[in-house]
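Work through these exercises with the model open beside you. Try each task before you read its solution.

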Amino acid sequence: MINQVTLVGRLTRDPDLRYTPDGKAVSNITLAVNRHYKNASGEIEADFVHCILWGKTAENTSNYCKKGSVLGVTGRIQTRNYDNHEGKRVYVTEVVAEGVRFLSTKPTGTRENQQASQSSRQPETVPPAPPQREELPFA
């Protein structure tokens, strides 16, 4: 049997890193994955796929990714169910990640370091406009 999925999408929120009682890192993320076609009003719709990350993958994703980061996730589909507080059975389908690729530009450090450096950074100067075609000596 084959149970394999590959997704590329954007994080809908910052990853939340937690630890199980026995010390394993776990993170739940949601990826917004665009569909390959437009709807009747000409807009591209997206699917929101819940993923579970474990161990070092969960820790690295939490440290180096934030809302809007583009991730490539490979893994397997898993289904489960439980009874909620009202006694209704709830069915959940999610992806258990086996590999994650960071596809956004590389951050300069952890999320905390990025926030500290952004708050202390001086405004960047805008480079001068490139010369017009008539000004180029080799055109």
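**Exercise 1. Find the order of helices and strands along the protein chain.**

Step 1. Mark the DSSP runs: helices are H or I runs of at least four residues, strands are E runs of at least two, and both are numbered from the N terminus.
Step 2. Count them. The protein chain has 2 helices and 6 strands.
Step 3. Read along the sequence. The pattern is β-β-β-β-α-β-β-α.

**Exercise 2. State what kind of model this is, and find where its pLDDT is below 50.**

Step 1. The model is predicted; local features need pLDDT of at least 70, side-chain atom pairs count only at pLDDT 80 or more, and totals for chains, interfaces and linings use all residues. Residues are numbered from 1 along each chain as its sequence is written, and side-chain values use heavy atoms, with hydrogens and water left out.
Step 2. Take pLDDT, the predictor's confidence in each residue from 0 to 100. Its mean over the protein chain is 84, and 76% of the residues reach 70 or more.
Step 3. Look at residues 120-126. Their pLDDT is below 50. Beyond near neighbours in sequence, this stretch has 0 contacts in the model (contact: heavy atoms within 4.5 Å).
Step 4. Apply the general rule. Where pLDDT is low, the predicted coordinates should not be read in detail.

**Exercise 3. Describe the largest nonpolar core.**

Step 1. Define buried: under 20% relative accessible area, with exposed over 50% and partly exposed in between (1.4 Å probe, protein chains only). Of the 139 residues of the protein chain, 25% count as buried.
Step 2. Define the core: a set of buried Ala, Val, Leu, Ile, Met, Phe, Trp, Tyr and Cys residues joined through side-chain atoms within 4.5 Å.
Step 3. Size it. The largest core has 16 residues, and Leu7, Leu31, Cys51, Leu71 and Val95 have the most contacts inside it.
Step 4. Trace the suppliers. At least two residues each come from strand 1 (5-11), strand 3 (25-38), strand 4 (44-54), strand 5 (70-83) and strand 6. Strand 3 gives the most, with 4 residues.
Step 5. Zoom in on Cys51. It is buried, at 1% relative accessibility. Leaving aside neighbours within four places in sequence, Cys51 contacts Leu7, Ser27, Asn28, Ile29, Leu31 and Val95.

**Exercise 4. Which residues of helix 1 are buried, and where do they sit around the axis?**

Step 1. Helix 1 spans residues 55-64, and its buried residues are Ala58, Thr61 and Ser62.
Step 2. Check the arc, taken from the directions from the helix axis to the C-beta atoms. These residues cover an arc of only 95°, so they lie on the same side of helix 1.
Step 3. Recall the general pattern. An α-helix has 3.6 residues a turn, so residues three or four places apart point the same way.

**Exercise 5. Is Glu94 buried or exposed, and what does its side chain contact?**

Step 1. Locate Glu94 in strand 6 (residues 89-102).
Step 2. Glu94 is buried, with a relative accessible area of 6%.
Step 3. Define a polar contact: a pair of N or O atoms within 3.5 Å; within protein, one must be able to donate a hydrogen and the other to accept it, and residues adjacent in sequence count only if both atoms are side-chain atoms. The Glu94 side chain makes one with the side chain of Arg80, at 2.7 Å.
Step 4. List the touches, not counting residues up to four places away in sequence. Glu94 touches His50, Ile52, Arg76, Ile77, Gln78 and Arg80.
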